[in-house]
Amino acid sequence: MENREKRICHIGDSASLTKTFTQEDIEKFAELTLDDNGIHTSPELAREGIFRRPVIHGVLVSSLISSCMGTVLPGHGAILQAQDISYSAPVYPGDTVTAEVTIREVDEQPKYYIATIEGICTNQDGVEVARATSKEMMLKRFFEIE
């Protein structure tokens, strides 16, 4: 096992992750999750819907929040325990979305911390497309809160 130093985090720390979504992302996600709802996968069906064209799966968009928490802040070793997500605008193939996460509060337990983390996804025009409040378990062997 790799010997790593503890990651030091603070309430108020923020980080972000950006991705441009593609039609291929829709196809791969539909295959992996079995969610082939035509609103995502069929231009013909999507034209008849409210958005008039295929949209990226909401869960795929908000997964950027989880990805940011798991790889950047708090980072490797953190475990998602709960998440409350709302979606406010569609994301289309070709849109670039930035997920920003911020540690809002921390509850200390004997062997770990539970961080409440706010995540907001915005598109390339600055429009909020998703928002989540997450609870992340941070083992004290990996993390320190100052």
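How many residues lie between β5 and β6 in their hairpin, and which residue in the turn has a positive phi? There are 4 residues between the two strands, and G126 in the turn has a phi of about 80°. The model is predicted. The protein has 4 helices and 7 strands, in the order β-β-α-α-α-α-β-β-β-β-β along the sequence.

**Overall dimensions and surface**

- The C-alpha trace spans about 55 × 30 × 20 Å along its principal axes.
- The protein has 146 residues, and 38% of them are buried.
- About 8300 Å² of the protein is exposed, with carbon and sulfur atoms supplying 49% of that area.
- The protein carries 14 positive and 23 negative charges, and the mean positions of the two sets are 4 Å apart.
- Among contacts with a separation of 6 or more, 68% join residues that are 24 or more positions apart.

**Strand pairing**

- β4 and β5 are antiparallel and share 11 bridges. They form a hairpin with 3 residues between them.
- Within this pair, T98 has T122 of β5 as its bridge partner.
- β5 also runs antiparallel to β6, again through 11 bridges. In β6, Y112 stands opposite L139, and E118 has T133 as its bridge partner.
- β6 is also joined to β3, residues 79-87, by 8 bridges in the antiparallel sense. One of the pairings here is L80 with E136 of β6.
- β5 is largely enclosed by the rest of the structure, because 9 of its 12 residues are buried.
- In a regular strand, side chains alternate between the two faces of the sheet.

**The largest nonpolar core**

- The largest nonpolar core has 29 residues; F21, V61, V97, V101 and C121 touch the most other members.
- At least two residues of this core come from each of α1 (23-33), α4 (58-71), β4 (96-108), β5 (112-123), β6 (128-139) and β7 (143-145).
- α4 gives the largest share of the core, 6 residues.
- Leaving aside residues up to four places away in sequence, C121 touches V61, S62, I65, V97, T98, A99, V127, E128, V129 and A130.

**A15 and its surroundings**

- A15 belongs to strand β2, residues 14-20.
- Is A15 buried or exposed? Its relative accessibility is 13%, so A15 counts as buried, the cut-off for burial being under 20%.
- Beyond residues up to four places away in sequence, A15 touches C68, V72, L73, A99, E100 and V101.
- The C-alpha atoms of A15 and V101 are separated by 5.5 Å, although the two residues are 86 residues apart along the chain.

**The β4-β5 loop**

- Q109 sits in the loop between β4 and β5.
- Q109 has a relative accessible area of 26% and is therefore partly exposed, since this class covers values between the 20% and 50% cut-offs.
- Q109 and T96 are 13 residues apart along the chain, and their C-alpha atoms are separated by 38 Å.

**Backbone exceptions**

- Most residues other than glycine have a negative phi, and most peptide bonds are trans. The residues below depart from one or other pattern.
- Where is the cis peptide bond with omega of about 5°? This bond joins L73 and P74. P74 is placed in the loop between α4 and β3.
- L34 is not a glycine, yet its phi is positive, near 70°. L34 is located in the loop that connects α1 to α2 (38-41). With a relative accessible area of 72%, L34 is exposed.
- R52 likewise has a positive phi near 70° and is not a glycine. The loop between α3 (43-48) and α4 holds R52. R52 counts as exposed because its relative accessibility is 53%, where the cut-off is over 50%.

How values were computed. Residues numbered from 1 in each chain as written. Heavy atoms only, no water. Buried < 20%, exposed > 50% of the residue type's maximum accessible area, 1.4 Å probe, protein only. Contact = heavy atoms within 4.5 Å. Areas by Shrake-Rupley, 256 points an atom, 1.4 Å probe, with all protein chains shown as cover. Lys, Arg positive; Asp, Glu negative; His and termini not counted. Charge placed at Lys NZ, Arg CZ, Asp CG, Glu CD. Core = buried A, V, L, I, M, F, W, Y, C linked by side-chain atoms within 4.5 Å. Pairing = 2+ DSSP bridges.
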